[in-house]
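Here's a quick briefing for anyone meeting this structure for the first time. Have a look at the model, then read on for its charged pairs, its cores and its helices.

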Amino acid sequence: MFLDASAVVAVLTREEEAEALLAKIAGSQGPIHYSSVTMFEAVIGISRKTTISLYGDQRPTPPDLIAQAQQDVEEFMRSIGAVEVAFPPGLHGAALEVARTYGRFVGHPARLNFGDCFSYAAAKVLQSPLLFVGNDFSRTDIEVA
């Protein structure tokens, strides 16, 4: 299973889907993977949600909230036994193909963004199902976790 940042954010911010996501993680038959892009997007997403909830959306995110979110995400990844995978050389080519096929840049209904394109490409290369939140990836041919 490959973790998209949306799933990590949903679990750690206790979104409605959190329990179902945790059950899928616990029931995973294979290794659980994530990338540096997953980590970055999850940390920034969590720290931004925290900032907005505390101060509104007009205030910049304090660096200490980013540091706390990083610690929380790293601990979560350790607790579930997730393994960071390095992107193989040339993965950008696969991610660009995803962008040409499913990207918001080309007007596809899936509207995959930068991080989504890399999550999709990594899951395909690893031949792993993708764990995510939302309906963007479900508008593609990716195997769903």
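There are four salt bridges in this structure, a salt bridge being a side-chain nitrogen of Lys or Arg within 4 Å of a carboxyl oxygen of Asp or Glu. You're looking at a predicted model, where local features need pLDDT of at least 70 and side-chain atom pairs count only at pLDDT 80 or more, while totals for chains, interfaces and linings use all residues. Residues are numbered from 1 along each chain as its sequence is written, and side-chain values use heavy atoms, with hydrogens and water left out.

**Salt bridges**

- Side chains of opposite charge can pair when their charged atoms come close.
- Glu15 and Lys49 pair up through their side chains, at 2.6 Å from N to O.
- Glu15 sits in the loop between α1 and α2 and Lys49 in helix α3, so this pair ties together parts that are 34 residues apart in sequence. (Helices, H or I with at least four residues, and strands, E with at least two, are DSSP runs numbered from the N terminus.)
- Glu15 is partly exposed at 25% relative accessibility, and Lys49 is partly exposed too, with 35%. (Buried means under 20% relative accessible area, exposed means over 50%, and partly exposed is in between, using a 1.4 Å probe and protein chains only.)
- Glu97 bridges to Arg100, with the closest N and O atoms 2.6 Å apart.
- Glu97 and Arg100 are three residues apart in helix α5 (residues 91–102), which means about one helical turn separates them.
- Glu97 is partly exposed, with a relative accessible area of 39%, whereas Arg100 counts as exposed at 52%.
- Lys124 and Asp141 meet in a salt bridge as well, at 3.7 Å from N to O.
- That pair links distant parts of the chain, with Lys124 in helix α6 and Asp141 in the segment after β4 (130–131), 17 residues apart.
- Lys124 is partly exposed at 37% relative accessibility, and Asp141 is partly exposed at 47%.

**Nonpolar cores**

- In soluble globular proteins, nonpolar side chains tend to be buried together.
- The largest nonpolar core here has 24 residues, and Leu3, Ile25, Val73, Met77 and Ile80 have the most contacts inside it. (Such a core is a set of buried Ala, Val, Leu, Ile, Met, Phe, Trp, Tyr and Cys residues joined through side-chain atoms within 4.5 Å.)
- Two or more residues of this core come from each of α1 (5–12), α2 (18–26), α3 (36–55) and α4 (63–79).
- The most generous of them is α1, which gives six residues.
- If you skip its neighbours within four places in sequence, Ile80 is in contact with Leu3, Ile25 and Ile32. (Contact means heavy atoms within 4.5 Å.)
- A second, separate core has 19 residues, including Phe2, Leu91, Ala110 and Ala122.

**Helix α3**

- With 20 residues at 1.5 Å each, α3 should span 28 Å, and its end C-alpha atoms are indeed 28 Å apart. (The expected span is 1.5 Å times one less than the number of residues.)
- Its buried residues are Val37, Thr38, Met39, Ala42, Val43, Ile46, Ser47 and Thr51.
- Those buried residues pack against β1 (2–3), α1, β2 (33–34), α4 and α6 (114–126).
- Just after α3, Gly56 has a positive phi of about 90°.

**Helix α4**

- The 17 residues of α4 should span 24 Å at 1.5 Å a residue, which agrees with the 24 Å between its end C-alpha atoms.
- Leu65, Ala69, Val73, Phe76 and Met77 are buried in α4.
- They cover an arc of only 105° around the axis, so they lie on the same side of α4. (The arc is taken from the directions from the helix axis to the C-beta atoms.)
- Pro63, Asp64, Arg78 and Ser79 are exposed on the other side of α4.
- The cover over the buried residues of α4 includes β1, α1, α2, β2 and α3.
- Gly81, just after α4, takes a positive phi of about 75°.

**Positive phi outside glycine**

- Arg14 has a phi near 55°, a positive value in a residue other than glycine.
- You'll find Arg14 in the loop between α1 and α2, and it is exposed, with a relative accessible area of 73%.
- Gln127 also has a positive phi, near 55°.
- Gln127 is in the loop between α6 and β4 and counts as exposed at 72% relative accessibility.
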